[in-house]
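Trainee: I should like to work through this model by question and answer. May we begin with single residues and then turn to the wider picture?

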Amino acid sequence: MAALTPIEPKPFSFVGPVMAGVGGFMGLLVGIANDMPLIGLLVGAALLTGLAWVFTHLWRQEKPAKWILIAGFGLAGLLLGGVSAAIMGLAFGWFVGWFLFWIAEGRYRAKLVPYLTPGQVLWHYTFRVICGAIFVFLITPIIVVMPLSFNAEDFFTFTPGMLQLDPDAYSLKHYRDFLTNSEWTGAVWNSVKIAPVATLISVSLGTLAAIGLSQSHVPGKRVIMAVLISPMIVPLIISATGMYFFYSSIGIQGTYWGIVLAHAVLGIPFVIITVTATLVSFDHSLTRAAANMGADPVTTFFRVQMPLILPGVISGGLFAFITSFDEVVVVIFLGSAEWQTLPWQMFTGLREQISPTILAAATILVAISIALLATVEVLRRRSERMRGMSPS
């Protein structure tokens, strides 16, 4: 194992420009929010450069400096913007204090090998900043929806009371409407009746297809695989249009089973991919040993193969369930007034009545998705342990 780089304090000639860049970026964000981007950039850069000079030349005591920064930025936020701004100020002060001494004391190189050049170190952290920025860009719209769902007013924006953390500005009325309004409860019930059945069909057919395609003697496996996972690749609007004309010709458009079969088709690719990934490391000698002991193919499947691939099957089933529960395009084409699902109701609410109850519904869907994805991750780790790919 390569030795890690010893850390050593860095001079202001290095710390100052780095803090100026960070301060300028953060000041730019604050300035944009207040229609003063240039002023925000300059003030942020100057402020953090000044703090870097103070704590590298005059006072290098880390713990007191961090507390001073937290208290100072928190007080500034309270005076300028109230309680919510004070909370942001406290967080900003903590980050500035940590980052300043992380750079000034040279800790950024503590876990890096010593032979890296400054350019390689820069790219090492730049790459992580880019990944973090992409993550924030993707996750922020989801996070913003959650507090808005507790808005006491029928608005899709943060009210002054919400920004000031006034308890009277928050309410559960949108959740009450979601749980008591017949339109919303009916849509939820339709989704609950459709998604599990579609998932069951997807898991059954997708698992059998993955097992069949894992056999070495199957001809044209690549072509068959491409056809089976095409619903994941083809634009959804094209799939929905094709299903509409086909289902109309056989008389199941607008019916329960029409929607179930359409959602099953969309879920099968997820099951095939997850089960196929599990089967990659499956030891086929186990099935041959079971057959040698007299077990028939059905017994071999349920007693030998299924317990080992079960995490992949369940993971694929969860993805198929999420796909069915959240899908809206196909339902718009194939659904009917009787079979309006929750995503369809949300889409209709945005288009016709702009009901804030949509925010409550979205928050509940996000919570369900997070729970299911967490379950998928637990199953993935269990599968790796069972296959000996990670320590227990």
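**Residues, core and pocket**

Trainee: Which residues does glutamine 305 touch, not counting residues up to four places away in sequence?

Mentor: This is a predicted model, in which local features need pLDDT (the predictor's confidence in each residue, from 0 to 100) of at least 70 and side-chain atom pairs count only at pLDDT 80 or more, while totals for chains, interfaces and linings use all residues. Residues are numbered from 1 along each chain as its sequence is written, and side-chain values use heavy atoms, with hydrogens and water left out. Taking contact as heavy atoms within 4.5 Å, the residues that glutamine 305 touches are Ile211, Leu279, Phe282, Thr287 and Thr300.

Trainee: Is glutamine 305 buried or exposed?

Mentor: Glutamine 305 belongs to helix 13 (residues 297-326); helices are DSSP runs of H or I, at least four residues long, numbered from the N terminus. Buried means under 20% relative accessible area, exposed over 50% and partly exposed in between, with a 1.4 Å probe and protein chains only. Because its relative accessible area is 7%, glutamine 305 is buried.

Trainee: How far apart in space are glutamine 305 and threonine 287?

Mentor: Along the sequence, 18 residues separate the two. Threonine 287 is also among the residues that glutamine 305 touches. From C-alpha to C-alpha, the spacing of glutamine 305 and threonine 287 is 7.1 Å.

Trainee: With which residues is lysine 10 in contact, leaving aside its neighbours within four places in sequence?

Mentor: Lysine 10 sits in the segment before helix 1. Its relative accessibility is 18%, so lysine 10 counts as buried. Its contacts beyond those neighbours are Val15, Arg60, Ile103, Ala104, Gly106 and Tyr108.

Trainee: What is the relative accessibility of glutamate 105?

Mentor: Glutamate 105 lies in the loop between helix 3 and helix 4. Outside four places in sequence, glutamate 105 is in contact with Ile7, Glu8, Pro9 and Arg60. Glutamate 105 counts as buried because its relative accessibility is 18%.

Trainee: Which element gives the most to the largest nonpolar core?

Mentor: A nonpolar core is a set of buried Ala, Val, Leu, Ile, Met, Phe, Trp, Tyr and Cys residues joined through side-chain atoms within 4.5 Å. The largest one has 22 residues, of which Val15, Met19, Leu48, Leu51, Phe55, Val96 and Leu100 touch the most other members. Two or more residues each come from helix 1 (12-33), helix 2 (37-58) and helix 3 (62-104). With 10 residues, the element that gives the most to this core is helix 3.

Trainee: Which residues does methionine 19 touch, not counting residues up to four places away in sequence?

Mentor: Methionine 19 is one of the residues that touch the most other members of the largest core. The residues that methionine 19 touches are Leu48, Ala52, Val96, Phe99 and Leu100.

Trainee: Where in the protein chain is confidence lowest?

Mentor: The chain averages a pLDDT of 83, and 95% of the residues score at least 70. Confidence is highest in helix 7 (residues 182-213), at a mean of 90. With a mean of 75, confidence is lowest in helix 12 (residues 285-292).
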